[in-house]
Structure formats: structure tokens, C-alpha cells
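Colleague: Before I rely on any of the labels attached to this model, I would like to hear the reasoning behind them. Could you take me through it?

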Amino acid sequence: MKTILTALTVCLAAIASSAQTADIEVSYMAHSPNMKNGKPEVTNQYILLSNPTDSKFYSPRTEYIDSLNSTPEGKAVYQEMARSAYFSGKMKEMPKRDGKYYVTKNLSDNKLKYYDVVGLSNYSYEETPGQLQWTIGDVSKEILGYECIAAETDYHGRHWTVWFAPEIPIQNGPWKFDGLPGLILEAECDGGLYRFIATGIQQTTRPITPVFGADSYELTERKVMLKEQRDFLDNTLNRLNAQFGGRVSIQKVKDKDGNDISGSIFVSREVVDFIETDY
């Protein structure tokens, strides 16, 4: 075990040594709806590491697991952790993924890269950062000790209100948000289904490491990925049966109108939709 951990540490150190260094680290709580019942009850912890040109928005718990699974040595560590948790009866202590997506921005290359998991597959796509059209208001409020100004935008199907801090001269924020004269500390779409709220901020020299296993993500287009994600939610059990040769048991389920909805365990798009709805 000691040899495995040493090898993993050397691997992570090599990755960090070739990465950009962040100037600021911001913790956010991301709020989103539960796709099984449509209720706004899911929270995930994310971190934004950023300097004026590069950034990464990610879940630290998810990155930890992905870092382990990115090398044979790390996979051995994770498997040993799983075995230990199982035989000790402490499966709740087993590290689990939190938020599942990554957003990286590189203003030098003018690229925003989005990485996500759809069903049992990994997908990524690229966009151009700085495409949001903002309307800056005259309302302000204090967040984490910073005077923040409101701004609004329409983006990929939803209307958003954000609060940015001009005192922090980094034109970035949670998720895909950027392009305002100050760091975005809070963002909420109309209706409040999706929200990002900063919970902490500090200066840092942490490296902005690449996404672990980035090569394992299939490159696609944004709307193609969203349609694939919707199809998986609408036909979850059928899709799993097709992939695993019919070994997933499907119990007949009907909605209030008598329609067969056995193929899915998630609510429909009409009940609740993704953070982007323009697909």
C-alpha cells in the first residue's frame, strides 16, 4: 500500500508541476433540482480556481475519485478502500462523487471546455468563452464582505441574475459565467431551480491541474450531449437493459393517465429540465 501511495503522489506532483497557478480560490454551493422528483433539493460543493486567463470549476470530491481512477496505481488504492469499507461494514464512509461536471476556461486559446457524465459514458464539448450579453443594474448587496452589483443575462434557455464584486478584478465566476468587471459570487436563474452561492474565498497558489482522464471523454457538441442526457433520463432502464443484455429488472409503472413509464425512473422534461433548455 505504501508503494502504491508513493507512486500516486509522484504522479500527481508531476501533473501539478506542469499546470497553471491560480490566484484565487472560491468555494460555491451549487443548488439544482432532483431529477427523480423535480424538487430543488440537491446541493453540491464546487470550487473555482482562477487567474486572469485560466480557470477550472469542479467538485473536489469528484476530482479526488477521478484522480485515483486515472492511473493503475490509483485504481488499486480506490479498490482497496472499497474492499476495506465493505468488509468493515462502513460503506457510508466510502468516498463518493459529488457534482459530476468540470468547466475549464482558457482565454489565451479562447476555449471553454465542458466535461460531464451521461449515463455510463463520458462526454466533453468546447465553446467560446465571453459570449454572454450582460445588462448591469444599479442594485447592490454585500456577499462575503464584498459589495456586489447585480447583472442579468439570457443564456441557453434561462434568464439569470448574478452578483459580481468589482473589488475582485477577475472576470470569472461559477459554471460558465464570465465577462463581467469583477468576480461573480452568486447566480440564480428565474424560479430559483439552479443557483450558485459563494461560501468562501481566499488567495491561493494552487495549481490549475488538467481534468483527470480528459482523454476518456468523447468529444461531441453541446446540444447533442444534452439530447443524449435527456434520452437516458427518459429511458433509463431500457438503456441499461440494452447495454447489459437484459439483466436489469423493469417493474411495470404507469402514470396517473395510465401511460407506461416503466423505462424511466426520472421525471419528464415538462416537470423539470436541465440548467440549459435550448436543445
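Colleague: Why is Leu144 called partly exposed?

Modeller: In this predicted model the relative accessible area of Leu144 is 38%, and because partly exposed covers the range between 20% and 50%, Leu144 takes that label. Leu144 sits in the loop that runs between strand 8 (135-143) and strand 9 (146-155).

Colleague: What is phi of Leu144, and what makes it worth pointing out?

Modeller: Phi of Leu144 is near 55°, which is a positive value in a residue other than glycine. Most residues other than glycine have a negative phi. His156, in the loop between strand 9 and strand 10 (158-165), likewise has a positive phi, near 50°.

Colleague: And why does His156 count as buried?

Modeller: The relative accessibility of His156 is 18%, and since buried means under 20%, His156 is placed in the buried class.

Colleague: How do you know that Tyr86, Phe87 and Met91 belong to a patch on the surface?

Modeller: A patch takes residues with over 30% relative accessible area and no salt bridge, and joins nonpolar side chains within 5 Å; Tyr86, Phe87 and Met91 form such a nonpolar patch, with about 400 Å² of accessible area together. Phe87, found in helix 3 (residues 72-87), has a relative accessible area of 69%, and because exposed means over 50%, Phe87 is called exposed. Met91, in the loop between helix 3 and strand 5 (102-106), has a value of 39% and is therefore partly exposed.

Colleague: Which residues does Met91 touch, leaving aside its neighbours within four places in sequence?

Modeller: Met91 is in contact with Ala82, Ala85, Tyr86 and Lys96. As for Met81, which is 10 residues from Met91 in sequence, the two are 9.7 Å apart in space, C-alpha to C-alpha.

Colleague: What makes you say that the buried residues of helix 5 line one face?

Modeller: The buried residues of helix 5 (residues 236-243) are Thr236, Leu237, Leu240 and Asn241. Seen down the helix axis, these buried residues fall within an arc of 130°, so they line one face of helix 5. They pack against helix 4 (222-234), while the face turned away from the buried side carries the exposed residues Ala242 and Gln243.

Colleague: Why is the pair Glu25 and Arg206 called a salt bridge?

Modeller: The side chains of Glu25 and Arg206 meet at 3.2 Å, N to O, and because a salt bridge needs a side-chain nitrogen of Lys or Arg within 4 Å of a carboxyl oxygen of Asp or Glu, the pair qualifies. The two residues link distant parts of the chain, with Glu25 in strand 2 (residues 24-32) and Arg206 in the loop between strand 12 (195-203) and strand 13 (207-208), 181 residues apart. Glu25 has a relative accessible area of 10% and is therefore buried, whereas Arg206, at 33%, counts as partly exposed.

Colleague: Are the partners Glu63 and Lys56 buried or exposed?

Modeller: Glu63 has a relative accessible area of 11% and Lys56 has 1%; buried means under 20%, so Glu63 is buried and Lys56 is buried. Their side chains meet in a salt bridge of 2.5 Å, N to O.

Colleague: How do you know that Asp231 forms a salt bridge with Arg239?

Modeller: The closest N and O atoms of Asp231 and Arg239 are 2.5 Å apart, and since the limit is 4 Å, the pair is a salt bridge. Asp231 counts as partly exposed at 33%, and Arg239 counts as partly exposed at 26%. Elsewhere, salt bridges that share partners join Glu127, Lys176, Arg222, Glu276 and Asp278 into one network. A search of the whole structure finds 18 salt bridges.

Colleague: How many disulfides does the structure hold, and why is Cys148 called buried?

Modeller: The structure holds 0 disulfides. Cys148 has a relative accessible area of 0%, and because buried means under 20%, Cys148 is buried; Cys189, at 3%, also counts as buried.

Notes:
Residues numbered from 1 in each chain as written. Predicted model: local features only at pLDDT ≥ 70, side-chain atom pairs only at ≥ 80, totals over all residues. Heavy atoms only, no water. Disulfide = S-S within 2.5 Å. Buried < 20%, exposed > 50% of the residue type's maximum accessible area, 1.4 Å probe, protein only. Patch = residues over 30% accessible without salt bridge, like charges linked within 9 Å, V, L, I, M, F, W, Y side chains within 5 Å. Areas by Shrake-Rupley, 256 points an atom, 1.4 Å probe, with all protein chains shown as cover. Helix = DSSP H or I, 4+ residues; strand = E, 2+ residues; numbered from the N terminus. Arc of directions from axis to C-beta. Contact = heavy atoms within 4.5 Å.
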